[in-house]
Amino acid sequence: MDSQKNENLLNLALDTPEAERERSLELNVGYDVAEKTWEVIVKYHGSLQELEQRNIVVEELIAGYAILTVPESGMDILAVTEQIEYVEKPKRLFFDDLEGNTASCYTPGSQLFGTLTGKGVLVAVIDSGISYWNQDFRKADGSTRIRYLWDQVLGMEFSMEQINEALATGSREQAEQIVPSIDTTGHGTAVAGIAAGSGERGGAVYAGTARESELLIVRLGAPRADSFPRTTELMRALTYTVKKAIELQMPVAINLSFGNTYGAHNGTSLLERFLDNISEIGRCVVCVGSGNEGASGGHVGGSVAVTGRRERGSGVTGVRNTGSTTNIVNNFDTYVTENMTRVELTVGTYETGLNVQLWKEYTDRYVVIMVSPSGESLLVDTDRPGKQTYQLGQTRILLYNGEPAPYLTSQEIYFDFLPAGDGKYLDSGVWTFLLEPIETITGNYTFYLPSGTARNESTRFVRTTPDVTLTIPSTASKVITVGAYNPVYESYADFSGRGYLYQEQVNSRTSDSFVKPDLVAPGVNVMAPDRNGGYAPVTGTSFATPFVTGAAALLMQWGIVEGNDPYLYGEKVKAYLRRGAKPIRGEREYPNARVGYGALCVENSLPM
């Protein structure tokens, strides 16, 4: 039986056989096939000691969050444990891939460049690791600037002393015998270089923003060699980072250059709430990339026709009678009315799996008619909670109608597309969703697909909505959310994730903590260190974010380290960066959903 303490996706996963989950992009994330255990995130109060006596592994984080490893047969225990308030399964994380300092008003040769270098501030990069032997991450005497490197893949922590011992061998191969942590993709190395590289090999033009900051590096782990990091690994990394900063008695600027598209995108998931809590611990600032979903075709939103409230007993019903107990119907054209809203999705050839999220106001009631490329139709009653299973053509559909949760007022309707039977691929072509209002107050709806990196390029909505394309957790309210722009043309980069507030709503508030993104930074053809010791151009909000992380370190150096403002961290840094942002060509009103308050300008952001 479904638990109202569980998020919808977890309930669906627990209701689905393991063999079927393995064919899904999301349902098996968090499940250990060999151990038959689930890893889940919980919000709790009091003590979880009684769970440890039931063969459940409890890993406490901060602020009432924990990660549990639970035998599959014992998952129902969580529902009856009074201390547990809410449970979520992990999600996959995707890196935001796709002449920076000068564009950010931090020009080599200027007085500002010479006096503020990030010294005395930690820059934490939670990513794919770092090529620690690279000259960009060393001091003038050749020793490392990395205080600690925690490699989640290896399950090992390396200190500054161990890294220096490895560097002293003079050989990369010998160094890796002592500290075997490797950045296999180069993503983390590039991010760390933009935020805090010294530019040792390339000179000041290649220097990172906070070039004398000390570094705290976490290489995110992955459950399997061929999989992505998960949100649980991120939460462990964040807990480690803030605790280390407190231990070292240093302010810290934290960089997160990844995200995912699953969720309501309104700050209500446990991960988003966790980020808000982390942002209030110690003297820290968390900077998160807005993602690269702005032009990926993975989102569409709008409003269905509004009927207004109706008196109970007035004959308002759910799904119309189809004469079929399965809700599968043919000739759907007979059901189409003029006030229906049509949303079309193109599924590319050779797509092995896909999921679609439909989020709506719980107060709104409407029928969803789903049509396959062959014209076969399915009527979905959004008032019928829980799991439903259907087959259209050669595609099996697991459908879950969600309900409100303790931290969520909206309703999710989740569609998981799997190849039917022994098939390998979904039915390709145009799938259609028709939304028929029954009783609607706002009529607002929004659809999401998985990250663009997890689906075929041709799998996308036909008429897309670029707004509300921020990836999670950049939607957390207390982080600094960073989008990208092209510094050559001084224009918004269309791939950059956009915000979700209408302009009139933003301008009606004197101070709005929900404006996203907060600002943008250079994110197109940015030169950054590569994992082999050279420099290469990189593009994406992944690489715009570290400019802001480095800028935050500079502000904290000026305020905390140099004694000008001991409280210059957290939301205060965000406020100064917003105020100092400069205009972007083509943007007339600020803040807006594309660039927030404008482009990063370090010089203007200093309260001097």
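**Notebook: helices, sheet and rings**

I began with helix α11, where L270, L271, E272, F274, L275, D276 and I278 are buried. I use buried for under 20% relative accessible area, exposed for over 50%, and partly exposed for what falls in between, with a 1.4 Å probe and protein chains only. Helices (H or I, at least four residues) and strands (E, at least two) are DSSP runs, numbered from the N terminus.

The model is predicted, and I read local features only at pLDDT of at least 70 and side-chain atom pairs only at pLDDT 80 or more, while totals for chains, interfaces and linings use all residues. Residues are numbered from 1 along each chain as its sequence is written, and side-chain values use heavy atoms, with hydrogens and water left out.

**Helix α11, continued**

I noted that α11 spans residues 270-278 and is mostly covered, with seven of its nine residues buried. What covers these buried residues? I found β2 (37-44), β4 (65-71), β5 (84-88), α10, β11 (252-256) and β13 (284-289) among the elements that do. Contact here means heavy atoms within 4.5 Å.

**Helix α14**

I looked up helix α14 (residues 571-580) next, and its buried residues are V573, K574, L577, R578 and G580. They pack against β13, β26 (480-486), β28 (519-522), α13 (541-561) and α15 (602-605). I note that β13 also appears in the cover of α11.

**Residue A13**

Is A13 buried or exposed? A13 lies in helix α1 (residues 8-14) and is buried, with a relative accessible area of 0%. Leaving aside neighbours within four places in sequence, I list R21, L27, W38 and K89 as its contacts. For L27 I also looked up the backbone: its C-alpha atom is separated from that of A13 by 5.1 Å, and the two residues are 14 apart along the chain.

**The six-stranded sheet**

I traced an open sheet of six strands in the order β14-β24-β17-β22-β21-β20, with antiparallel pairing. Strands β14 (299-303) and β20 (386-392) stand at the edges with a single partner strand each, so each has one side without a neighbour in the sheet. From one strand to the next the twist averages 15°. Axes are lines fitted to C-alpha atoms, for helices over the stretch in contact, and angles run from 0 to 180 degrees between N-to-C directions. Two strands count as paired if DSSP finds at least two bridges between them.

Inside the sheet, I found eight antiparallel bridges between β17 (residues 354-361) and β22 (residues 410-419). E361 has S410 in β22 as its bridge partner. At the β20 edge, β20 pairs with β21 (residues 395-401) in the antiparallel sense over seven bridges. Y390 is bridged to I397 in β21. I see a hairpin here, with two residues between β20 and β21, and G393 in the turn has a positive phi of about 60°.

**Aromatic rings**

I found twelve aromatic pairs in the structure. The rings of W150 and Y240 have centres 4.8 Å apart and planes at 40°, so I log this pair as tilted. The pair links distant parts of the chain, with W150 in strand β8 (residues 146-151) and Y240 in helix α10 (residues 231-248), 90 residues apart. W150 is buried at a relative accessible area of 18%, and Y240 is buried at 13%.

I log Y206 and Y535 as stacked, at 4.4 Å centre to centre and 15° between the planes. They are 329 residues apart, with Y206 in the loop between α9 (187-196) and β10 (214-219) and Y535 in strand β30 (residues 535-538). Y206 is partly exposed, with a relative accessible area of 26%, whereas Y535 is buried at 19%.

For these labels, rings of Phe, Tyr and Trp (its six-membered ring) pair if their centres lie within 6.5 Å; planes under 30 degrees apart count as stacked, over 60 as edge-to-face and the rest as tilted. I also noted one aromatic cluster formed by F415, F433, Y445, F447 and F461.

**Charges over rings**

Which ring lies under the charged end of R273? It is the ring of Y407, with the charged end 3.7 Å from the ring centre. I found the charged end of K43 over the ring of Y65, 5.2 Å from its centre. The test is that NZ of Lys or CZ of Arg is within 6 Å of the ring centre and within 35 degrees of the ring normal.

**Totals**

I closed with the whole protein, which has 15 helices and 30 strands. Of its 608 residues, 60% count as buried.
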